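These are my notebook entries on one protein chain. I set down what I looked up and what I found.

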Amino acid sequence: MKKTKLLFSLLLVIAMMSSVMLSGCGSGGESGKIEIELVQYKPEAVAAFEKIEEGFNSTHDDIHLTIQSPNEAMTILKTRFIREDYPDIVGIGGDINYSNFLDAGMFMDISDYDGVDEIKQVYMDMEDELEFIPTDGVYALPYVANAAGILYNKDMFEENGWQIPTTWNEFTELCETIQDKGIYPLYFGFKDTWTCLAPWNALAVGLAPSDTCARVNAGETTFSKEYAEVADKIKVLLDYCEPNPFAYAYNDACTAFARGQAAMYPIGSYAVPQIKSVNPDMNIDSFVFPTGDNESDNVLNSGVDLQFCVMKNTENKEAVYEVLRYLYDDETIQIYLDDQNAIPCKEGDFELPSMLDGMSEYIEEGKMADFQDHHYPSEMSVDAMIQTYLLDTSDDAAETFLKRFDDDWARYNRDLIEKVKQYEEGNK
């Protein structure tokens, strides 16, 4: 019995010593260093973040950075938040997930971070529009953005002498001209419902106010009013694409465009790597979706694709700020831009991919508006609603669709609408 107790005591001591040693090493295995964990939601950018992590750790003796880039990152983050297992920094999109996390009080106010003033104001404004209720402070630092409009086959345009359209009428006339050549003007992959949001968003930024969702929540307008023209014009696009675009998925559309089966592709800049994987030599450029009668009314659909937020629970604020300084160094940002064909949210002299040449003027002037779907609750499945609407050939299809948009919005946002109502009443 005594031997058994002695053996148990020895094992317990060894276990305790091992625990102390492991806690001293930390998750990065770097004894004596401050451990900072960053979890970001873009697994396609893992190579860029591995390079960034290596660069930071090779230049800092007192801080060790670990960057996690898991698949299904948002699900993992939500699970960790429930367990109160918080990283120090999260890299997420400027969308409804950010709005929910901010509303739950998850993030630290980083107004005192010295790099806030270097971010382009247009992207900071987009962050403000994502707040359910106006909140004092800065809780997200935009990193990179993407843009959506029309990708086009530059060689095909030059060979045929086609001009870039600047109004809706010019755009439909161009589609007619291309069609007469026996070429599909457009190609869609509407079998994947999320692709329906690309032309929807690009039309909506030019035809509806950027704060439409907030104004609906405040009871000031309806989607039936603000989205009527968007709904009409997205239907028109079906006259100029391949037969039955609902039979083809995103990869099919990218492949068809890469092989010259269509002159234009209404999609975001994020599609270029997929297109280039099929045809590396393709000469791709882009232009802003012309939505109205005047070129001056055109707006680039650009939103924050990746932003960094500091968790309120971090115990290492100064070390976290040092990580942010490294992330927002121009050379570090350029690593990400080169890897992901992205647009920097920071002011500076960066090299942008050539396929954004046609949008550069809008980017430089800040003439941009956020993706409207960044404000849509995921439970509402707006992408599937749009697909259903596009398949509906009945005379009252638009009316039915818009009514459902209003009804479902009220259903899925009833708590938020009530919260906004109480806020408005309290601030009269």
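**Entry 1: An aromatic pair**

I began with W409, which is buried because its relative accessible area is 2%, and buried means under 20%. I note that the model is a predicted one. W409 forms an aromatic pair with Y376; I found the ring centres 6.2 Å apart and the planes at 85°, an edge-to-face arrangement. I then asked where the two partners lie in the chain. Y376 is in the loop between β11 (368-369) and α17 (382-391), while W409 belongs to helix α18 (residues 397-412), so the pair ties together parts that are 33 residues apart in sequence. Y376 also counts as buried, because its relative accessibility is 5%.

I next looked up which residues the ring pairs link into a cluster with these two. The cluster consists of W200, F223, Y227, Y376, Y389, F401, F405 and W409. For Y389 I recorded a further neighbour: K235 lies over the face of the ring, at 4.8 Å from its centre.

**Entry 2: Aromatic pairs in the whole structure**

I searched the whole structure and obtained 35 aromatic pairs. One of them joins W168 and F171, whose ring centres are 5.8 Å apart and whose planes meet at 40°, so I entered this pair as tilted. Both residues lie in helix α7 (residues 168-180); they are 3 residues apart, about one turn of the helix. I checked burial as well and found that W168 and F171 are both buried.

**Entry 3: A residue in α9**

I turned to T212, which lies in helix α9 (residues 212-217). Is T212 buried or exposed? It counts as buried, because its relative accessibility is 0%. Setting aside neighbours within four places in sequence, I listed its contacts as T221, F223, E226, Y227 and Q372. I noted that F223 and Y227 are also members of the aromatic cluster of my first entry.

**Entry 4: Domains and cores**

I looked up the domain assignment, which gives domain 1 (34-145 + 304-352) and domain 2 (147-302 + 372-423). Their centres, taken over C-alpha atoms, are separated by 28 Å. The contact between them takes 15 residues from domain 1 and 15 residues from domain 2.

I then asked how many residues the largest nonpolar core has. It has 69, and those with the most contacts inside it are Y143, I275, F308 and Y328. Both domains give residues to this core, so it lies between them. For I275 I listed L151, C254, F257, A258, Y265, M282 and I284 as residues that it touches, not counting those up to four places away in sequence. Another core, of 48 residues, lies apart from this one; F157, I178, L186 and A263 are among its members.

**Entry 5: Helix α15**

I examined helix α15 (residues 330-340), where the buried residues are T332, I333, Q334, Y336, L337 and Q340. I recorded that they pack against α2 (46-58), β4 (141-148), β9 (300-310), α14 (317-327) and β10 (343-344). What caps the N-terminal end of α15? The cap is D329, with a side-chain oxygen 3.0 Å from the backbone nitrogen of E331.

**Entry 6: Positive phi angles**

Most residues other than glycine have a negative phi. I looked up two exceptions. N341 has a positive phi of about 55° although it is not a glycine, and it lies in the loop between α15 and β10. N341 counts as buried, because its relative accessibility is 18%. E72 also has a positive phi of about 55° and is not a glycine; this residue lies in the loop between β2 (63-68) and α3 (73-82). E72 is exposed, as its relative accessible area is 61%.

**Entry 7: Two loop residues**

Finally, I looked up K312, in the loop between β9 and α14. K312 and I110 are 202 residues apart in sequence and 9.8 Å apart in space, C-alpha to C-alpha. Beyond neighbours within four places in sequence, K312 is in contact with G105, M106, F107 and M108.

Q261 is in the loop between α12 (250-258) and β7 (262-265). I entered Q261 as partly exposed, because its relative accessibility is 36%. Q261 and L186 are 75 residues apart in sequence, and their C-alpha atoms are 8.9 Å apart in space. With neighbours within four places in sequence left aside, Q261 is in contact with I183, Y184, Y187 and A256.

Conventions:
Residues numbered from 1 in each chain as written. Predicted model: local features only at pLDDT ≥ 70, side-chain atom pairs only at ≥ 80, totals over all residues. Heavy atoms only, no water. Core = buried A, V, L, I, M, F, W, Y, C linked by side-chain atoms within 4.5 Å. Buried < 20%, exposed > 50% of the residue type's maximum accessible area, 1.4 Å probe, protein only. Domains from an automatic or database assignment. Contact = heavy atoms within 4.5 Å. Helix = DSSP H or I, 4+ residues; strand = E, 2+ residues; numbered from the N terminus. Polar contact = N/O pair within 3.5 Å; in protein donor to acceptor, adjacent residues only side chain to side chain. Phe/Tyr/Trp six-rings, centres within 6.5 Å; stacked < 30°, edge-to-face > 60°. Lys NZ or Arg CZ within 6 Å of the ring centre and 35° of its normal.
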